[in-house]
Amino acid sequence: MTLRLPRPATALAAALALSLTLPVALTAGAAGAATCQAQIDRTLRDLAVPQSEVKSVKVVKRSGGARSASNYRLDAWVELSSCSDGHLVINMTRHCLVQKSYTTGSCSLPGLSAY
């Protein structure tokens, strides 16, 4: 039996096909993060933050490091109009279960830790 190595053109085509599929997987993860909106809204209500105070919300996927790619957490970075420097951060599991909330910079909310 002879061992046949893939031709350079075949290897290049496979690499190109793989690179084209990666953004789709990342987009699907970002779309999944949009499902956390209800939990983010509930947390804002629990913290007595009016919707008019919210400038923007950015959900960021935080990697589990060297662990599996499916092991990650989500952080919602909430920009508030009353905070000139800093954010309200809502830490969640990948299934949108809120773990904790805190503020950064000069931003502060009653009952939350500030970092």
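Here are legends for a few close-up views of this predicted model.

**View 1. The largest nonpolar core and the elements that feed it.** This core is built from 18 residues. Those with the most contacts inside it are I40, L44, V78, L80, L88, I90 and M92. At least two core residues come from each of α2 (37–46), β2 (72–80) and β3 (88–93). The top contributor is β2, which gives 5 residues.

**View 2. M92 and the residues around it.** Setting aside anything up to four places away in sequence, M92 touches C36 and I40, then R73, L74, D75 and A76, and finally L97, V98 and Q99. M92 also shows up in View 1, among the core residues with the most contacts inside the core.

**View 3. The two sides of α2.** Look for I40, T43 and L44, the buried residues here. They sit on the same side of α2 because they cover an arc of only 100 degrees around the axis. Their packing partners are β1 (54–63), β2, β3 and β4 (98–103). Flip to the face turned away from the buried side and you'll meet R45 and D46, both exposed. After α2 comes A48, with a positive phi near 60 degrees.

**View 4. T104, a buried loop residue.** T104 belongs to the loop between β4 and β5 (113–114). Its relative accessible area is 15%, under the 20% cut-off, so T104 counts as buried. Who keeps it company? Beyond its neighbours within four places in sequence, T104 is in contact with W77, D85, G86, H87, V89 and Y115.

Methods
Residues are numbered from 1 along each chain as its sequence is written. This is a predicted model: local features need pLDDT of at least 70, side-chain atom pairs count only at pLDDT 80 or more; totals for chains, interfaces and linings use all residues. Side-chain values use heavy atoms; hydrogens and water are left out. A nonpolar core is a set of buried Ala, Val, Leu, Ile, Met, Phe, Trp, Tyr and Cys residues joined through side-chain atoms within 4.5 Å. Buried means under 20% relative accessible area, exposed over 50%, partly exposed in between (1.4 Å probe, protein chains only). Helices (H or I, at least four residues) and strands (E, at least two) are DSSP runs, numbered from the N terminus. Contact means heavy atoms within 4.5 Å. The arc is that of the directions from the helix axis to the C-beta atoms.
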